[in-house]
Amino acid sequence: LTERCQLACAHCITRAPETTAAGRARHLAPEVLTALTPHLAHARYVGFTHSGEPLLSPMLGPFLDTLRAQRQGAPTTVHLISNGMALTERRFDELCAAGVTSWSISLDGLSAASNDALRVGAKVDVLLPRLRALAARKPSTARLGVSCTITRSNLHELEDLVRFAADAGLDWLKLEEVFPLNARAQHEAGFPRAQLEATLAQVRALADGLALPLVDHPRTHEVWKCVPSVMTPDAARFAAADDFANSRDINPCFAPFEVVCVEPDGAVKPEDFHQPAVGTVLEHDLISLWNAGPFVARRQLSLARRKCGDRPTCPGAV
């Protein structure tokens, strides 16, 4: 929807602070939504993720209205990542009513020293009571969780973060790794792996005891749902929590057949924003881009890597 963000997070992987400050942040134009409109009828899942702050976009409401009209009552998951600072209780109620069913709020610690110092512009003393209030008024059709990037500054707070999430009535907690794209991020990621593993073991045990779904993203998990013999109990646990937090069944080998990434200016990429753009919906129909070489190549690679061969057994196999 937008690359603009009102925060200046030192470890932002989308470089939103720089593009916002420089006036280069892209915004979804009405003509991009128009180009996408006929395809939204097939969108079982829409994620407003990995760009700027979606609550700042004037196109959020029109997009949700268009999606709802195109889906005509078909089950649709709308997952939205927000820094939470512009999310009032009234706005939360309105967006839940408009179709947002899955909320991920970014919180990188329980103190100003861990969260506010890194996520410049965010205020933990605002977010903690706000999360409690939103969890209490959340409709039964929606899920609300917190995504936390593990840093040198918050490592000692993670167990208390689990306790907070459970006590506040949040649905899940996700722990993510720092992407070391600059000196500050490298510093925050600079702690021994053994220390991380020991902390994660304690956090997992605590989350299990509190019946809180925990997405343990910093560790590598090989997820092959079609081949149970390949899936370790650890990987199965991760996959179940990841599905729950994202409100969708995630099969990594299906992604090239199911997922398209559209940037605010209409640029289309295979699967995620890390990939190069294939073209734009302002110049080409989405179906033409979907069948272009880079998309086809990723699907062929996925087929070649599948451990189930040509006999997939998981539901919805492509």
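Helices (H or I, at least four residues) and strands (E, at least two) are DSSP runs, numbered from the N terminus. The model is predicted, so that local features need pLDDT of at least 70 and side-chain atom pairs count only at pLDDT 80 or more, while totals for chains, interfaces and linings use all residues. Residues are numbered from 1 along each chain as its sequence is written, and side-chain values use heavy atoms, with hydrogens and water left out.

Begin by selecting Arg 184, which lies in helix α8 (residues 183-188). With a relative accessibility of 32%, Arg 184 counts as partly exposed, a class that falls between buried (under 20% relative accessible area) and exposed (over 50%), computed with a 1.4 Å probe on protein chains only. If its neighbours within four places in sequence are left aside, Arg 184 is in contact (heavy atoms within 4.5 Å) with Ala 10, Ala 117 and Leu 118. Add Glu 157 to the selection: this residue is 27 residues from Arg 184 along the chain, and the two C-alpha atoms are separated by 19 Å.

Next, show helix α4 (residues 89-98) together with helix α6 (residues 124-137), which pack at an angle of about 40 degrees with their axes 10 Å apart; the axes are lines fitted to C-alpha atoms, for helices over the stretch in contact, and angles run from 0 to 180 degrees between N-to-C directions. On the α4 side select Glu 89, Phe 92 and Asp 93, which meet Ala 133, Leu 134 and Arg 137 of α6. By class, this contact has three nonpolar, no polar and three charged residues, where Ala, Val, Leu, Ile, Met, Phe, Trp, Tyr, Cys and Pro count as nonpolar, Asp, Glu, Lys and Arg as charged, and the others, Gly among them, as polar.

Keep Phe 92 selected and add Trp 103: the ring centres are 5.0 Å apart and the planes stand at 45 degrees, so the pair is tilted. Rings of Phe, Tyr and Trp (its six-membered ring) pair if their centres lie within 6.5 Å, and planes under 30 degrees apart count as stacked, over 60 as edge-to-face and the rest as tilted. This pair links distant parts of the chain, since Phe 92 is in helix α4 and Trp 103 in strand β4 (residues 102-106), 11 residues apart. Phe 92 counts as buried at 0% relative accessibility, and Trp 103 counts as buried at 0% too.

Three aromatic pairs are counted by this rule, and another of them to display is Phe 48 with Phe 63, an edge-to-face pair at 5.3 Å centre to centre with 85 degrees between the planes. Phe 48 belongs to strand β2 (residues 45-48) and Phe 63 to helix α3 (residues 60-71), 15 residues apart; both Phe 48 and Phe 63 are buried.

Now turn to Arg 248, whose charged end sits over the ring of Tyr 45, 4.9 Å from its centre; the rule asks for NZ of Lys or CZ of Arg within 6 Å of the ring centre and within 35 degrees of the ring normal. Arg 299 likewise lies over the face of Trp 290, at 4.6 Å from the ring centre. From Arg 248, move to Asp 243 in helix α10 (residues 233-246), which is buried with a relative accessible area of 15%. Contacts of Asp 243 beyond four places in sequence include Arg 143, Lys 225 and Arg 248.

Finish with Gln 72, which has a positive phi of about 50 degrees although it is not a glycine.
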